[in-house]
Amino acid sequence: MKIERFVLGSFGTNVYVAVNEETKEAVIVDPAAFPDYVCSHIKEEGLEVRAVLLTHGHIDHIGGVDAVLREFPVPVYAHVMEVEVLKNEQENLSAMFGAAYTFEKAVGLRDGEILSTAGFEFRIIHTPGHTKGGCCYYEKDENVLFSGDTLFMQSVGRTDFPTGSTSTLIRSIREKLLILPEETRVYPGHMEETTIGFEKERNPFI
């Protein structure tokens, strides 16, 4: 898996394009925005986008979904409990930031479900706390975890937004993420990548 990172949107969100180098298939994770240069890059590389993966429904992670779908009409996935957040302009924070937005067509996934797309096998890990339906996408064979705003390098996601809970978030991380192999590479929604082993040793919140 080749992972390309684009820092996009008003809040500096990490938008990932995860590429299967054998087949040129790809998935887009958390499209905060989808500027022309990212679209052009995908097309110039000859990539076939197969899906959009949403770790949660906040506007700074979904603001570019419609733009992606105009170019690549693919399924958009989120945890089943987050589907309602996507439809609610208060819970997805878009109303708070002045431009109400909802997305109605997400495909709901459940904890432990395996999503087969672009030649990858992503296991859905439900990690509530930042939002009620926040999730991470784990690709075991690639030792990769897309953690959204659940786990950051030496930090964790905020819990003061609608449906957030600090105790739930910490429990999610301890019980569902820290049990993964220590060499697992973590690609968060903001800031730099890290590993599970590093966070077990150095993250002051957990």
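A pocket, as the word is used here, is an open set of grid points with protein on both sides within 12 Å along at least five of seven lines, and its lining residues have an atom within 4 Å of a point. The model on screen is predicted.

**First stop: the second largest pocket.** Select Leu8, Gly9, Ser10, Phe11, Thr13, Ala32, Ile59, Asp60, Ser94, Phe97, Gly98 and Ala99, which line the second largest pocket. The volume of this pocket is about 160 Å³. Its lining comprises 6 nonpolar, 5 polar and 1 charged residues.

**Second stop: the hairpin of β1 and β2.** Keep Gly9 selected and display the strands on either side of the turn. Strands β1 and β2 make a hairpin with 4 residues between them, and glycine 9 in the turn has a positive phi of about 85°. The two strands run antiparallel and are joined by 7 bridges. Lysine 2 can be found opposite valine 19 of β2.

**Third stop: the six-stranded sheet.** Widen the selection to the sheet, which is open, has 6 strands in the order β1-β2-β3-β4-β5-β6, and shows mixed pairing. Because β1 (2-8) and β6 (107-109) stand at the edges with a single partner strand each, one side of each has no neighbour in the sheet. On average, neighbouring strands are turned by 25° against each other, direction ignored. Now select helix α1, residues 36-44, which packs on the sheet and touches β1, β2 (13-20), β3 and β4. The direction of α1 makes about 165° with that of β1.

Within the sheet, highlight β3 (residues 25-29) and β4 (residues 48-53); these strands run parallel and are joined by 5 bridges. Glutamate 25 has glutamate 48 of β4 as its bridge partner.

**Fourth stop: glycine 64.** Move to the loop between α2 (59-62) and α3 (65-71), where glycine 64 lies. Is glycine 64 buried or exposed? Its relative accessibility is 2%, so glycine 64 counts as buried, the cut-off for that class being under 20%. Leaving aside residues up to four places away in sequence, glycine 64 touches Pro31, Ala32, Ala33 and Phe34. Measure from C-alpha to C-alpha in the viewer: glycine 64 and alanine 33 are 3.7 Å apart in space, although 31 residues apart in sequence.

**Fifth stop: strand β10 and its partners.** Select residues 144-148, which form strand β10; 5 of its 5 residues are buried. Which residues point one way from β10, and which the other way? Val144, Phe146 and Gly148 point one way, Leu145 and Ser147 point the other way, and all are buried.

Add strand β9 (residues 135-139), which pairs with β10 in the antiparallel sense over 3 bridges. Glutamate 139 stands opposite valine 144 of β10. The hairpin of β9 and β10 has 4 residues between the strands, and asparagine 143 there takes a positive phi near 55°. Then add strand β13 (residues 185-188), which runs parallel to β10 and is joined to it by 4 bridges. The bridge partner of phenylalanine 146 in β13 is tyrosine 187.

**Last stop: the largest pocket.** The largest pocket holds about 210 Å³ of space. Of its 13 lining residues, those to select are Asp60, Asp149, Arg158, Phe161 and His190, the closest to the centre of the pocket. The whole lining divides into 6 nonpolar, 4 polar and 3 charged residues. Asp60 links the end of the tour to its start, as it also belongs to the lining of the second largest pocket.

Conventions. Residues are numbered from 1 along each chain as its sequence is written. This is a predicted model: local features need pLDDT of at least 70, side-chain atom pairs count only at pLDDT 80 or more; totals for chains, interfaces and linings use all residues. Side-chain values use heavy atoms; hydrogens and water are left out. Two strands pair if DSSP finds at least two bridges between them. Axes are lines fitted to C-alpha atoms, for helices over the stretch in contact, and angles run from 0 to 180 degrees between N-to-C directions. Contact means heavy atoms within 4.5 Å. On a 1 Å grid over the protein atoms alone, a cavity is a set of points where a 1.4 Å probe fits but cannot get out, and a pocket is an open set with protein on both sides within 12 Å along at least five of seven lines; lining residues have an atom within 4 Å of a point. Grid points are joined across faces, edges and corners, and a volume is the space filled by probe spheres set on the points. Ala, Val, Leu, Ile, Met, Phe, Trp, Tyr, Cys and Pro count as nonpolar, Asp, Glu, Lys and Arg as charged, and the others, Gly among them, as polar. Buried means under 20% relative accessible area, exposed over 50%, partly exposed in between (1.4 Å probe, protein chains only).
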